[in-house]
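Let's take a walk through this one together, starting with the overall fold and then zooming in on a few side chains. Have the viewer ready.

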Amino acid sequence: MNKNSFLYRAIDLYYDGFRHMTLGKTLWAVILIKLFIIFVVLKLFFFPNYIKSHAGSEPASSFVSDQVIKRAHEVP
């Protein structure tokens, strides 16, 4: 890769910046831990798979379409 190309200079800028971080590494670790908690732990305990538990033996797509149609007719 040519050292004067924009892509090389951009990659070098970010690589050098992350390499010399001190406080930033701790902040990135906190951010990643919070994202893990939000997307994994909360998903497991607070957002159960509603479709799987209520659809029974019918496919998920037909269950969802039936629910959407049923609820669309209930709206006043």
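Here is the chain as a whole, followed by two local spots.

Keep in mind that this is a predicted model. The protein chain has four helices and zero strands, so reading from the N terminus you simply get α-α-α-α. With a radius of gyration of 24 Å, well over the 11 Å that the globule rule gives for 76 residues, the protein chain is more spread out than a compact globule. Along the principal axes, its C-alpha atoms fill a box of roughly 60 × 30 × 30 Å. Just 5% of the 76 residues count as buried. The protein chain exposes about 7200 Å², and carbon and sulfur atoms supply 70% of that area.

Now for the charged side chains. Side chains of opposite charge can pair when their charged atoms come close. The structure holds one salt bridge, and the partners are D16 and R19, at 2.7 Å from N to O. Both residues sit in helix α1 (residues 6-19), three residues apart, which is about one turn of the helix. D16 counts as partly exposed because its relative accessibility is 31%, and R19, at 47%, counts as partly exposed too.

Next, move along to E58, in the loop between α3 (50-55) and α4 (60-74). Is E58 buried or exposed? Neither, quite: at 31% relative accessibility, E58 counts as partly exposed. Its side chain makes a polar contact of 3.2 Å with the side chain of S62. Leaving aside residues up to four places away in sequence, E58 also touches F63 and D66.

Definitions and conventions
Residues are numbered from 1 along each chain as its sequence is written. This is a predicted model: local features need pLDDT of at least 70, side-chain atom pairs count only at pLDDT 80 or more; totals for chains, interfaces and linings use all residues. Side-chain values use heavy atoms; hydrogens and water are left out. Helices (H or I, at least four residues) and strands (E, at least two) are DSSP runs, numbered from the N terminus. Buried means under 20% relative accessible area, exposed over 50%, partly exposed in between (1.4 Å probe, protein chains only). Contact means heavy atoms within 4.5 Å. A polar contact is a pair of N or O atoms within 3.5 Å; within protein, one must be able to donate a hydrogen and the other to accept it, and residues adjacent in sequence count only if both atoms are side-chain atoms. A salt bridge is a side-chain nitrogen of Lys or Arg within 4 Å of a carboxyl oxygen of Asp or Glu. The radius of gyration is taken over C-alpha atoms; the globule rule is 2.2 Å times the number of residues to the power 0.38. Accessible areas come from the Shrake-Rupley method with a 1.4 Å probe; for residues, only the protein chains shown count as cover.
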